[in-house]
Structure formats: structure tokens, C-alpha cells
Amino acid sequence: MVAPILPLALTRDSGVALVQQVANQVRDAVSAGGLAPRERLPSIRALAADVGVARAVVEQAYDQLIAEGWLTARRGAGTYVAEVGRLPAAVDRGLPTPALGSVEPDRLRLDTGSPWVDPRHAAGWRRAWRDVSAARIPRGYPDPAGLPELRVEVARYVSRTRGLAARPEQVLVTGGTTHGFGLLLGVLGAGQIAVEDPGYRAAVATGTQAGRKVVDIPLDAEGVDVRKLRSRREDIRAVYVTPAHQHPSGITMSAGRRIALLAEATRRDAVVVEDDYDSEFRYDVAPLPALAALDRDRVVYLGSASKSVHPGLRLGWLIASEDLVAEIAWQRAARHDHPPWPVQRAFLTMLRDGHLDRLVRSARRVYAERSRIVAAALAPYGDIGAPPAGMYLTLPLPGHVAESVRAQCWQAGFDVPSLTEYSRTSGLTGLVIGFGGVTDDELSRALSVITTALKHCTLPAQS
Ligand SMILES: Cc1ncc(COP(=O)(O)O)c(C=O)c1O
């Protein structure tokens, strides 16, 4: 019996892995009756040649369908359609598989959160995952506070890079900043949370989704305005700040403001939550030590691998008193919210073998150079100052100008965030231009669209 030709249509830019595409289309053919029970499928070699993919792709797709029960393999005799009935129509056709990452694949967002994933450092990434696959598989659930060895390494890392002395028992491994904040909210007593405005929207979402009311505190030139915080009557349990590099204004909180903030938090018996998301990427001098270094009891410190390694890793750390860490770990264990062991194990290797340091050192140079280019291009259009750190720049602009530039960028295929997206009450307008998650070429194309659009808008002359 000659095996049928399968008219598979594979696309390489859909975001769906080829193995999955082959498996989905063969499964569809079987469930819709296009391939009959006991019918023989093309050999792996023939199908791979027909559709132009490696044999391993077809082999894995067949294996998956055999495991699912759609196909059977007869030793030495090929692969056949199993004796399965046709699916009811609703299940059969009603659930299209969404193509991963297929939402507007052509539009590039210059967002503030995406770091530059430098292909020159891919070897370190692969080494870490090889290490994971070679490591002894642990028994049962991992420690809910995090891998003990990783807690030791993170404690060393924050002491070395952020002047924050912490014992491993004070380190809790999290799934990133917002996850850490959510865990903290789970153990804090009743009360509202105060956030910077403009500020980090994911922190607001985390707070409101945890059932907390959110109070907006404006900024001044030294950071969050503590006098405004003092004037609020609400029962505030936590104040969320980004002292090293305020998000998204770029302000570094002054030493005096840090002291004032701690005094106000003490008066209220509130905790200060320090989101230290990108302090590694200071271009010139070392950043001020972490705010948490000033008061280890009052400040809960949140760090993340999202900017230094990859946001998809979902790994971060929370540093607080031993009691608080133990309480969060206890709560997590009760609901099996354990940080994934392979991710922790991979990050441990990245810390130990210097991969993280190499990434940070090289990204710092890339961002310093890109920020110079962006600042030079935008200098004629607004007050951007000299950005000291990070992977984005904020350009204050009148609202109608910002919107017009955004619209023209959108037409040209770029999504440039608006400052209003980061603001609930401040009324500030402008653009926030992230330059981490793009290539040099994409950045230069985006800048040319932005500056052309700015030229066409009537802006007040700069003094
Ligand atoms: C202000 C701020 N904090 C923290 C993060 C990182 O969050 P996470 O660790 O949850 O990925 C980001 C990422 O965009 C950010 O902009």
C-alpha cells in the first residue's frame, strides 16, 4: 500500500514550532477523517523531504501523536492511523490553536521592559541549560524559599553589586519582581499601597489584583515626594518605589529623600518596597547602594533576572527579614507555589560561572552607546538630560505632539509607548523610548521615523 501524500503547509515565521505544526495538521487530518483508520503514513524520511524539514521534526511530531493515541507504530513496518473514531464537531474544529507570538508580528514595540539578548553570549546560556540536564534530578518539591545554593549566591551577588549585606536566610527566590511583590502582599496586614506616579504599572496591577487600594504619590526632582505622602490620610501598609532609576522618569532618589522616606514609613509602620529593576545598567559610576542597605527591617528589596538575562526566565529575588521570608515560604509551600527547579538551577550556573557578570558588563556598553545615539537624535525636541542608566529614555512632550508622533510611528510599524501609559494621576505627557529589545538597525529606523515625525510637529523652540 502506497502511503498518501500529506499536503502540509508549514510556515517558518508563525511563531509555532515546526514539530507542533506537523503534529497539528496530521492530527486534524485524522480527526476530520482525511486519513482513515489503519491507513499508512508516509515514512519519516519521505514526509521530511516532501515538506522540506529535518527528519527529527517529523519524527518528534509522529512520536507526539503516537503518545496521544492518534497513530500507532509497527516495528519495522511504518506508522499507521490508529483506530480512533472521529471527534465530535465542536472539539474537532472549534478550537483553533493560537499561533504563539503571532499578534502583530510585524509591529516592533520599543518598550522599556525588553532587554537586549546579545547573540554573542549564547554560549553561556546554553552552558547553563546543559548543566541543568546533567544535574542530579532532585527528589520531590524544591525548597519553597528557593534552592539553598542559589540563596547563597544571590546573597553574595547583592552584597557585591548593591552593597546590601544579606544572609542566605533573608533571600527568597521568586518568579520575578511582580511575583515577589504579590507574595509580600499576601503576608502584609490590611492597608493600602502607595506607588509613584508616574510609575510601574505592573506594581499597580499586582496591588489591585490582590485587593488593595492604590494611592498615587507624585514625584519631584529628588524622587517620590515624601511631603505629599505624609499628607495622605489613608492607612498605607507599603510604599513601592524605584529609587535607583525611577520608572519611567529616570530620576535617582537623592540620599536626603531616602532618609525622609524611611522616616515616613517608620512613622506609619509601613514597609518600603524597593524595586531595583535595572541598577546594574548604570553607564558611568556605580549606583548608590540599595535603599535596603540603610534599613534592613523596614525595606523589602526586589531584584530580577528579567533585565540582565531574560524576562522569560521568570526569576527574581526578594530580600527581607528572616521571619518575613520564612512566613512567605510557608505560605507558598501550602499552595505548591515552588519556584521551578530547572530555572533556579540554570540561574545558579549563570551566577557561578560569571555568565551574569559578562552579560551585565557587555549590555552596559551596548545601552550606553544606544542611549547616546537616542539622546543625540532627540536633543533638539525636548529636555531629556543625560541619561545615567538603563534601557529607555523619556522625552516629555505636549500631549498632542506625543500622540501625533505615536500615530506616525504606528503607521511605520513601530509602537512607541506614551508617558501617559505609566501615569494614573500625574497628567504628564511624552514618549518613553525603550532601546533594549531592538537591534541597532531597528533602533536607527525607529529613530528616523520619530525624528521626522517630530520635525513635522510644531514644537516650541528649545532654549
Ligand atoms: C520598573 C520595573 N520593575 C521590574 C521589572 C521586572 O519585572 P519582572 O521581574 O516581574 O519581570 C520591570 C520590567 O519591565 C520594570 O520595568
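Trp341, Val343, Gln344, Arg345, Ala346, Phe347, Leu348, Thr349, Met350 and Leu351 are the buried residues of helix 12. That makes 10 of the 12 residues in this helix, so we can call it mostly covered, with buried meaning under 20% relative accessible area. Keep in mind that this is a predicted model. Besides helix 12, this briefing looks at the ligand site, three single residues and the protein as a whole.

**Helix 12 and its surroundings**

- Helix 12 runs over residues 341–352, and its end C-alpha atoms sit 16 Å apart.
- Why does that 16 Å agree with what a helix of 12 residues should span? The rise is taken as 1.5 Å a residue, and the expected span is 1.5 Å times one less than the number of residues, so 16 Å is what should come out, and the model agrees.
- What covers the buried residues of helix 12? The cover includes three helices by name, helix 5 (122–134), helix 6 (148–162) and helix 13 (355–378), along with strand 4 (171–174) and strand 12 (316–319).
- After helix 12 comes glycine 354, and its phi is positive, near 85°.

**The ligand site**

- Around the ligand you'll find Gly113, Gly176, Thr177, Thr178, Tyr200, His247, Asp275, Tyr277, Ser304, Ser306, Lys307 and Arg314.
- Sorted by class, that shell comes out as 2 nonpolar, 7 polar and 3 charged residues.
- Serine 304 has a side-chain N or O atom 2.6 Å from an oxygen atom of the ligand.
- For serine 306, the distance from a side-chain N or O atom to a ligand oxygen is 2.6 Å.
- Tyrosine 200 also has a side-chain N or O atom facing a ligand oxygen, here at 3.3 Å.
- On its own the ligand has 400 Å² of accessible area, and the protein covers 92% of it.

**Three residues worth a click**

- Alanine 166 lies in the loop between helix 6 and strand 4.
- Is alanine 166 buried or exposed? Its relative accessibility is 16%, and the cut-off for buried is under 20%, so alanine 166 counts as buried.
- Leaving out residues up to four places away in sequence, alanine 166 touches Ala155, Arg296 and Ile319.
- Between the C-alpha atoms of alanine 166 and isoleucine 251 there are 26 Å, with 85 residues separating the two along the chain.
- Glutamate 264 belongs to helix 10 (residues 255–268).
- At 2% relative accessibility, glutamate 264 is counted as buried.
- With residues up to four places away in sequence left out, glutamate 264 is in touch with Val226, Leu229 and Arg230.
- Glutamine 192 is in strand 5, which covers residues 192–196.
- A relative accessible area of 19% puts glutamine 192 in the buried class, because the limit is under 20%.
- Which residues does glutamine 192 touch, not counting those up to four places away in sequence? They are Lys213, Val215, Glu234, Asp235, Ile236, Arg237 and Ala238.

**The protein overall**

- The protein has 15 helices and 15 strands.
- Its C-alpha trace spans about 85 × 60 × 45 Å along the principal axes.
- Of the 463 residues in the protein, 50% are buried.
- Taking contacts in the protein with a separation of 6 or more, 73% are between residues 24 or more positions apart.
- The protein's accessible surface is about 21,800 Å², and carbon and sulfur atoms account for 55% of it.

Key
Residues numbered from 1 in each chain as written. Predicted model: local features only at pLDDT ≥ 70, side-chain atom pairs only at ≥ 80, totals over all residues. Heavy atoms only, no water. Near = heavy atom within 4 Å. Polar contact = N/O pair within 3.5 Å; in protein donor to acceptor, adjacent residues only side chain to side chain. Areas by Shrake-Rupley, 256 points an atom, 1.4 Å probe, with all protein chains shown as cover. Nonpolar A, V, L, I, M, F, W, Y, C, P; charged D, E, K, R; others polar. Helix = DSSP H or I, 4+ residues; strand = E, 2+ residues; numbered from the N terminus. Buried < 20%, exposed > 50% of the residue type's maximum accessible area, 1.4 Å probe, protein only. Contact = heavy atoms within 4.5 Å.
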